[in-house]
Each structure stands twice: as structure tokens, then as C-alpha cells.
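Trainee: I would like to learn how to read salt bridges, burial and helix caps from a set of coordinates. Please take me through one case.

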Amino acid sequence: MSCIRFNTPAQRAQMRAAAPAMLTPEQAAALHPAPPVTETKIRRLRLLAESANPKIRESVASSYHAPAELYGRLAHDPDAGVRGCVARNEATPCDVLREMAHDDDETVRGWVAVNFFVPDDVMRELADDPSETVRSLVAWKGSLAVSA
């Protein structure tokens, strides 16, 4: 018995007619709004940032709702994965990104380089980074800006 299925033109037309309509991201967001950020959520983020598990701290570092000082504290986390999450988070304040451009870990500096909101002076500094990977990420990001 073959597992290949051959549908007739009428069956294919019926499947197309029954296919669900695709929603735009805006329509999907309107149907499923995010809950409001409450003081309880902020308190929970502060508590989770103290976890011994670096993966839990990474989830806090990836949050768009953490207070600015929490990003600053997690930018100095002993785990490079946590620092990388802070570096790539678009909600991270520019002064924290500026400081993270001097991180010892080249992967963290690379995430700083590709962050859309990194200040221009930091990009110029990272263009001369000792790491070829970081320099190539700066060049790649620059080429995207030129082509846009």
C-alpha cells in the first residue's frame, strides 16, 4: 500500500476553500493581548534574577519588562549566557550596552554588536574589536543598513 495520496481537483479546491485565513501579526496581537505588567510581575522578575539556575536568570535577562537596574545587575552576571541575553535584549538601556561592549566574552560583545538599539559610538568601538567575529558582525550589520 502506498503512502502517497492523490487528491482530485475537486478535493484540492475544497481543501483550499476550508483553509483558515492567515492573520497579520497585528490582528493576532489584537486577538491575544498580553496581560498588563503589574508590580507583582516586576517583583517576580527581581526574585527570579536571584536564582542559582543561570537558565532562569537568562529568562529574566530576556524579559522586555525588567527594571533598568536589573539589566545593569545581570550585565555583570558570572554566566556568559545571562550576559548574552542582556546584550541582545532590545529593552536593555544604552548605557548598559555601552558598558557590555567591554565584556570579556566575545559572544557577549557580538550580541551587543547586533542589538538594533546599540549606540553608534559603541558600534564604532566594536568595529575595532580584537575579535574577528565581533568585527564581522559589525560589518554585517553595517551592510544591512546600507542595503536598506
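The dialogue below goes through these features in turn.

Mentor: This is a predicted model, in which local features need pLDDT of at least 70, side-chain atom pairs count only at pLDDT 80 or more, and totals for chains, interfaces and linings use all residues. Residues are numbered from 1 along each chain as its sequence is written, and side-chain values use heavy atoms, with hydrogens and water left out.

Trainee: How many salt bridges does a search of the whole structure find?

Mentor: Side chains of opposite charge can pair when their charged atoms come close. The criterion for a salt bridge is a side-chain nitrogen of Lys or Arg within 4 Å of a carboxyl oxygen of Asp or Glu. The search finds eight. One of them joins Glu50 and Arg73, at 2.2 Å from N to O. Glu50 is in the loop between helix H3 (39-48) and H4, and Arg73 is in helix H5, so this pair ties together parts 23 residues apart in sequence. Helices here are DSSP runs (H or I, at least four residues), numbered from the N terminus.

Trainee: Are Glu50 and Arg73 buried or exposed?

Mentor: Buried means under 20% relative accessible area, exposed over 50%, and partly exposed in between (1.4 Å probe, protein chains only). Glu50, at 53%, counts as exposed, and Arg73, at 39%, as partly exposed.

Trainee: Which salt bridge lies in helix H4?

Mentor: An α-helix has 3.6 residues a turn, so residues three or four places apart point the same way. Here Lys55 and Glu58, three residues apart in H4, form a salt bridge of 3.6 Å, N to O. Lys55 is exposed at 57%, whereas Glu58 is buried at 15%. Arg57, also in H4, reaches Asp77 in the loop between H5 and H6, 20 residues away. That salt bridge is 2.7 Å, N to O, and both of its residues are buried.

Trainee: What caps the N-terminal end of H6, and which of the helix's residues are buried?

Mentor: Asp79 is the cap, with a side-chain oxygen 2.9 Å from the backbone nitrogen of Gly81. A polar contact is a pair of N or O atoms within 3.5 Å; within protein, one must be able to donate a hydrogen and the other to accept it, and residues adjacent in sequence count only if both atoms are side-chain atoms. In H6 (residues 80-88), the buried residues are Val82, Arg83, Gly84, Cys85, Val86 and Ala87. Their cover includes helices H4 (54-61), H5 (68-74), H7 (94-100) and H8 (106-114), where contact means heavy atoms within 4.5 Å.

How values were computed. Helices (H or I, at least four residues) and strands (E, at least two) are DSSP runs, numbered from the N terminus.
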